[in-house]
Amino acid sequence: MHRLPWKWAWLPLLLLIIAKLEQVGGKTYLDWARTDSQLTRLPFFGGGVGHLLRYLHPLSMSPPSERGKISELRSELDANYVSYRGAQLWKLNFNATRGSSMEEREEDDEAAEERQVLASPDAQFNEVVALFALTFVALIGSVLGQKLLLWRSVSVPEISGISGLPLALLTLNGSELYESTLEGLQWLSPMDLRRFDFLSPGSSYQINRRYRNGSQVQRYYGFQLWKVHETRLEQPELRAFWRHFGSEVWNINQDGIDILIERRNVADARKFMDKVGYSYNIMIDDIESAIDESYVEVPAVEHPLDSVRNNSLPWMEVPGSTMNWRRYHDQADIKQFLQTLLETYSENVELIQIGVTRNKRPLEVIRVSNGNPDNWAVFVDAGLQARDWLSPAALTYAISKLTYLWGRPKGKVKGEGQRQSRAEKAMRRIDWYFLPLANPDGYQYSRHTDRLWTKNRGYDSVSGCYGVNLDRNFDYGWDGTGSTSNPCKNLYRGAHSFSEPESRAVRSFLSGMREYLGAYVSLGGYGQTITYPWGDADYVTENQRDLKQTARRAVLALRRLNQAEYSSGTSYRQKLARPGNSADWVQDRIGPQLVFNMFLKDQGRYGYLLPPHYIVESGEEVFEFLRTIAQQLQ
């Protein structure tokens with residue numbers, strides 16, 4: 001009888017360990033090794049043993065009945081191989097209306113969901129990370145004898161009953177590890193760790209880099225936004241200041257004139273202001289840094305109105321859509337959002353393509369209606385100015401809220417009182433037409449190349465310059481003061497009125513609604529004011545009493561909503577005169593009951609570079625304004 005040599009005595013123990021590893025967490029060693037994380041390929045993390053056996057004898061790892069997996073084993077050696085084994089494609093059908101039984105079970109579902117989240121491996125791991133972070137910070141603080149500051153504070157769950165590291169740690173991939181630690185804590189680091197690709201491949205910073213790291217991107221390092229506390233731009237000193245030092249006037253409102261100052265002119269501009277004695281404030285000291293902030297995504301734990309946190313805004317979660325209103329989305333996301341609403345609320349929602357842009361992007365209008373032929377129609381557009389990202393985001397939020405509430409049982413919306421119920425009943429008697437992105441070509445160019453681009457992407461062969469300002473391209477007062485015939489300027493009105501496919505599409509669509517159009521609203525940024533015609537002169541319209549009364553009611557409603565201070569008046573009186581704008585043309589040629597421009601936040605602190613923290617708040621203001629219009633049309 002031959003004895004097993006002592007040097008091979010460890011072999012049965014190794015085989016026993018391998019057999020146990022195959023059953024850990026219900027996974028085989030193939031599943032352990034299939035993860036993309038470099039962490040799991042190390043010993044003690046599940047991947048080392050699997051890779052060792054694979055390289056030693058890959059064909060013997062599968063029995064004859066599983067020879068189909070041999071190709072997967074070989075493909076695993078390819079770094080570009082992607083496996084979809086076990087993946088499924090589901091189609092979920094949602095009813096347009098929800099019964100009251102859902103409301104009765106709401107609290108029970110919330111409690112069950114909370115228990116499930118607390119019992120998940122991710123929640124356990126987060127508790128362990130938080131415990132380690134607090135212990136480590138306390139230890140270092142006691143050694144150094146000083147306080148340490150956290151860059152970002154998060155809500156730490158109650159740490160109790162932790163017996164050890166959860167099994168989820170063994171299968172944790174790199175992105176989950178980052179989201180659970182670096183993004184949430186950012187402690188004890190003199191720099192932003194999100195800047196490193198290997199630590200944060202999916203962070204907001206890296207998303208920002210992918211948008212703005214090309215050589216074609218227009219930079220604004222050192223540019224500043226000044227607010228000069230004067231409203232009369234025709235004064236000789238201000239005209240000279242704008243001509244010599246200002247790149248562009250962004251806005252004229254009750255607080256003053258917002259002027260963009262180039263970096264090379266900052267020092268001379270200060271000397272000029274000291275000489276003439278005008279007071280001013282530097283609202284943005286570096287435009288490039290403010291641009292970076294407009295690309296980031298607000299973390300869920302920091303969003304003050306996130307429905308995931310307080311479950312008070314259920315319309316912020318649209319199943320099947322990428323829209324979350326914690327960042328500014330591109331044109332493809334907005335288009336996919338509209339398509340999702342069409343599929344989810346097919347009984348009340350319709351998509352209408354009213355035209356295409358010069359770059360063949362569709363101009364899509366979403367119609368929300370109950371089908372009653374006696375309804376008034378309200379048309380709302382947004383994003384005529386390409387650099388205005390807030391109005392498309394706020395309008396899509398209002399659309400999501402409207403479609404969600406449309407099919408809800410009356411009076412069953414949490415937090416809604418009797419006044420809101422009456423107003424929503426009035427909204428259901430309106431045929432709503434929304435054009436969330438009236439300038440998709442310019443919007444996409446603003447996202448990828450020049451953040452401050454404001455025109456469309458039409459090309460002028462004579463000058464070689466691109467773009468026409470769509471809010472100067474309508475027929476009424478087209479060639480008046482406040483626009484230019486220079487194709488290279490931001491206020492270029494076009495070769496002739498309605499020279500652009502975007503403005504022609506709006507003209508044709510609104511002309512077909514002449515008989516039943518009750519109101520027209522154009523959303524834009526910025527100024528925090530509600531205006532109505534006229535914009536070219538201080539004239540009075542036939543319906544000015546209704547316009548003035550509706551605007552005042554809207555201002556009071558917005559103040560009750562969130563203490564937002566809006567002003568109201570004619571475009572001319574509000575210093576927002578714009579020849580060739582859409583509202584004046586609609587008032588003159590279509591003649592609905594109500595015509596408004598609503599200029600959203602803010603009053604000059606950020607201008608067109610408003611951070612995404614204000615999207616939800618602005619969306620609620622847009623919805624409140626539309627609700628006021630619906631009540632006035634009854």
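The exercises below deal with salt bridges and one helix contact in a predicted model.

Residues are numbered from 1 along each chain as its sequence is written. In this predicted model local features need pLDDT of at least 70, side-chain atom pairs count only at pLDDT 80 or more, totals for chains, interfaces and linings use all residues, and side-chain values use heavy atoms, with hydrogens and water left out.

**Exercise 1.** Find the salt bridge between E500 and R358, and decide how buried or exposed each partner is.

*Solution.* A salt bridge is a side-chain nitrogen of Lys or Arg within 4 Å of a carboxyl oxygen of Asp or Glu. The side chains of E500 and R358 meet this rule at 3.0 Å, N to O. Next, E500 sits in the loop between α18 and α19, whereas R358 sits in the loop between β5 and β6, 142 residues apart; helices (H or I, at least four residues) and strands (E, at least two) are DSSP runs, numbered from the N terminus. Finally, buried means under 20% relative accessible area, exposed over 50% and partly exposed in between, with a 1.4 Å probe and protein chains only. E500, at 3%, is therefore buried, while R358, at 40%, is partly exposed.

**Exercise 2.** Describe the salt bridge between D431 and R367.

*Solution.* The closest N and O atoms of D431 and R367 are 3.6 Å apart. Because D431 lies in strand β8 and R367 in strand β6, the pair ties together parts that are 64 residues apart in sequence. Both D431 and R367 are buried.

**Exercise 3.** Which residues make the contact between α19 and α21?

*Solution.* With contact meaning heavy atoms within 4.5 Å, α19 contributes R507, L510 and S511, and α21 contributes W585, V586 and I590.
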